[in-house]
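Me: I have a model open and would like to learn how to read it. Could you take me through a few features, one at a time?

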Amino acid sequence: MTEARARNVVVICADELNARCLASAGHRHVRTPNIDGLAAQGTSFERAWTPSPICVPARASLATGRWVHDLEAWDSAAPYTGAVRGWAHAARDAGAHAVSIGKLHFRAENDDYGFTESLLPMHVVNGVGWVQGLPRRDPFPYDHATEMADHCAVGESTYTRYDHAITDRTVSWIEANAGGSTPFALFVSLVAPHFPLTVMEEFVAPYLDLDLELEIPAQPLDHPAVAAMADVLGYHRHFTTPDATRFGRQLYLGLVTWLDHNVGRVLRALSAAGASDDTVVLFTSDHGDMIGNRGLWAKSYLYRDSVDVPMIVAGPGVPHGVDALTAVNLVDVAPTILDVVAPGEPYDGPGRSLVDLARTADPHRVGFSEYHDGGSVTGSFAVGFGDYKYVHHVGFEPQLFDVAADPDELDDLAGSASHADARATGESILRDLVDPDDTDRRAFASQAERIAAFGGREALLTAFLFDHTPAPQV
């Protein structure tokens, strides 16, 4: 009997979803029945990372299957332009529908990203993005960080309304197209649970009476590169009381349940259209959120709450279960899509099809992430190998964690003589992937050029100031 083969792919991408905040990932309180159902029908990868824990670089990597340093997508003011061929170009050229619905965070609507349709897109502000983060060695005070705590509320926001519109449009598109003869690669990009931490009562109500203690208590900021980041990206300073932190976490879980509600609508539309049996569904997020753990909020850090992402793949030929061994990454999304809708497309990037990896675990794969955006005084790189995670901060001492024994990364072993071999192995693996010193120089040089092109450091303050990208009008 010939094994069924998928002809379509649907990628559902959340925004800023902490990988631990799914019931199927072991969270004791969160309600995510639709995502959990998808996980039960496929493979969940426990060792899944973002290529960079910030929206714009991560999404450029997802679109192309390339590392951030290869794309020179260093920061939130270096958005993807479509100049590097991505999965959508290949899907379109193969005769498939290549469709995006929702947030892209690319440069502008008139660039060619390969889509046959791009519905309700959100791109970076004014085709430029967050320019105030460019002067990393002499950063501006980031007063907008207060917004995350200030906007905690029960109710609707422009982001929840945007997600409602994205889901409506996705359901309509599936109803109109999923039963046709043309295969499709559909990218559904929702903004929950990205702040503002505002969500409707029905979704947050299950959590409002819960204490929701931190998974990781506040920790000393004893690494200078991490402390410098926290000093600039001071979201945590505005959650001034335990009650404020608790309310923020309750609202975050409410937004996760709102996300799950919309995922369920998409999955039911696929089933109603008769497309479930020949469609690979992939669920992930662009990066995580610290959600108060370690005393920190938002993304950008190379700790697990920021770097880890959910990665669930289900569909024809995908086994059911959990893969706790194989390191996967958002760069694997592009070759997964190509594997289904454009199998003849050449691809020489670092990614691999998640369908193939689900069938055959690869414990020798290495996790990788990097950060060169606002708040960082230096380039930072992480590699995951075996039981260890090595974090390299150019010009500073590294960090080393035994994540098998210490999954919350509380005990930095970089200075331990008994772990010198693991530290050396981590640095060697990193240098086989990338030259961190040269990459750091390239990132700072690019940022200096763009600062000059914008008219100098002080001119950046006249550009549009914002914390989260405004949602399109819907």
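Me: Is Cys152 buried or exposed, and what is its relative accessible area?

Reply: Keep in mind that this is a predicted model. Buried means under 20% relative accessible area. Cys152 has 16%, so it counts as buried. Cys21 is buried too, with a relative accessible area of 1%.

Me: How many disulfides are there?

Reply: A disulfide is a covalent bond between the sulfur atoms of two cysteines. Here the count comes to 0.

Me: Why is Cys21 without such a bond?

Reply: Look at the distance: the closest cysteine sulfur, in Cys152, lies 15 Å from the sulfur of Cys21, which is too far for a bond. The cut-off for a disulfide is 2.5 Å. Cys152 is likewise in no disulfide, its nearest cysteine sulfur being that of Cys21.

Me: Stepping back, which secondary structure elements does the chain have, and how compact is it?

Reply: You will find 14 helices and 14 strands. The radius of gyration is 21 Å, close to the 23 Å from the globule rule for 474 residues, so the chain is as compact as a globular protein of that length. Of those 474 residues, 60% are buried.

Me: How much area does the chain expose, and what share comes from carbon and sulfur atoms?

Reply: The exposed area is about 17600 Å², with carbon and sulfur atoms supplying 50% of it.

Me: And where do the positive and negative charges sit on average?

Reply: Compare their mean positions: those of the 34 positive and 64 negative charges are 2 Å apart.

Note on methods
Residues numbered from 1 in each chain as written. Predicted model: local features only at pLDDT ≥ 70, side-chain atom pairs only at ≥ 80, totals over all residues. Heavy atoms only, no water. Helix = DSSP H or I, 4+ residues; strand = E, 2+ residues; numbered from the N terminus. Rg over C-alpha atoms; globule rule 2.2 N^0.38 Å. Buried < 20%, exposed > 50% of the residue type's maximum accessible area, 1.4 Å probe, protein only. Areas by Shrake-Rupley, 256 points an atom, 1.4 Å probe, with all protein chains shown as cover. Lys, Arg positive; Asp, Glu negative; His and termini not counted. Charge placed at Lys NZ, Arg CZ, Asp CG, Glu CD.
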